[in-house]
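Here is a friendly walk through one protein chain, written for a reader who is new to reading structures. Keep the 3D view open and look up each residue as it comes along.

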Amino acid sequence: MRRIVKYDLGLEINTAGWRMPFKEQQPKLWIIEKYFELGGRYISIGSDSHNKKTIGCGYYQAVDLLKKIGINEIFYGEGGNYIRYGI
């Protein structure tokens, strides 16, 4: 985790787990919190969809999770840059 932060890399919340029997996003909440505790800044949300029915599934659930821990923005990549998006 320290290397991820050191190299200014982002973390993605993968919401596909909420569609699976274990009903949990990846990474687990404690990992997301640790990332920010260590100085991480960039987080994105992905649904890991392989069909059009599940594109974006879990997005609002992930936004709620982030807001509960005090995160008010996510990022997406464009042209090799992180682009801020308020939530």
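## A patch, some rings and unusual angles

Leu9 has a relative accessible area of 42%, so it counts as partly exposed, since that label covers the range between under 20% (buried) and over 50% (exposed). Please keep in mind that this is a predicted model.

Where does Leu9 lie? It sits in the loop between helix H1 (2-6) and strand E1 (11-14). Together with Tyr7 and Tyr82, Leu9 makes up a nonpolar patch on the surface. The accessible area of these three residues together is about 320 Å².

Tyr82 leads us on to the aromatic rings. The model holds 5 aromatic pairs. One of them joins Tyr42 and Tyr82, and it is stacked, with 3.8 Å centre to centre and 10 degrees between the planes. This pair links distant parts of the chain: Tyr42 belongs to the loop between H2 and strand E2 (43-46), while Tyr82 is in strand E4 (residues 81-86), 40 residues apart. Is Tyr42 buried or exposed? Tyr42 is buried, because its relative accessible area of 11% is under 20%. Tyr82, at 37%, counts as partly exposed.

Tyr82 also pairs with Phe75, this time edge-to-face, with 6.4 Å centre to centre and 85 degrees between the planes. Why is this pair called edge-to-face? The label applies because planes over 60 degrees apart count as edge-to-face. Phe75 is buried, with a relative accessible area of 7%. Tyr42, Phe75 and Tyr82 form one aromatic cluster.

Now for the backbone. Most residues other than glycine have a negative phi, and most peptide bonds are trans. Two residues with a positive phi are set out here.

| Residue | Phi | Place | Relative accessibility |
|---|---|---|---|
| Asp8 | near 55 degrees | loop between H1 and E1 | 35%, partly exposed |
| Lys23 | about 50 degrees | loop between E1 and H2 | 51%, exposed |

Neither Asp8 nor Lys23 is a glycine. Lys23 counts as exposed because its 51% is over the 50% cut-off, whereas Asp8, at 35%, is partly exposed.

Which residues does a cis peptide bond join? They are Gln26 and Pro27, and omega is about -5 degrees. Pro27 is found in the loop between E1 and helix H2 (29-37), and Lys23 is also placed in the loop between E1 and H2.

Definitions and conventions:
Residues numbered from 1 in each chain as written. Predicted model: local features only at pLDDT ≥ 70, side-chain atom pairs only at ≥ 80, totals over all residues. Heavy atoms only, no water. Patch = residues over 30% accessible without salt bridge, like charges linked within 9 Å, V, L, I, M, F, W, Y side chains within 5 Å. Areas by Shrake-Rupley, 256 points an atom, 1.4 Å probe, with all protein chains shown as cover. Salt bridge = Lys/Arg side-chain N within 4 Å of Asp/Glu carboxyl O. Helix = DSSP H or I, 4+ residues; strand = E, 2+ residues; numbered from the N terminus. Buried < 20%, exposed > 50% of the residue type's maximum accessible area, 1.4 Å probe, protein only. Phe/Tyr/Trp six-rings, centres within 6.5 Å; stacked < 30°, edge-to-face > 60°.
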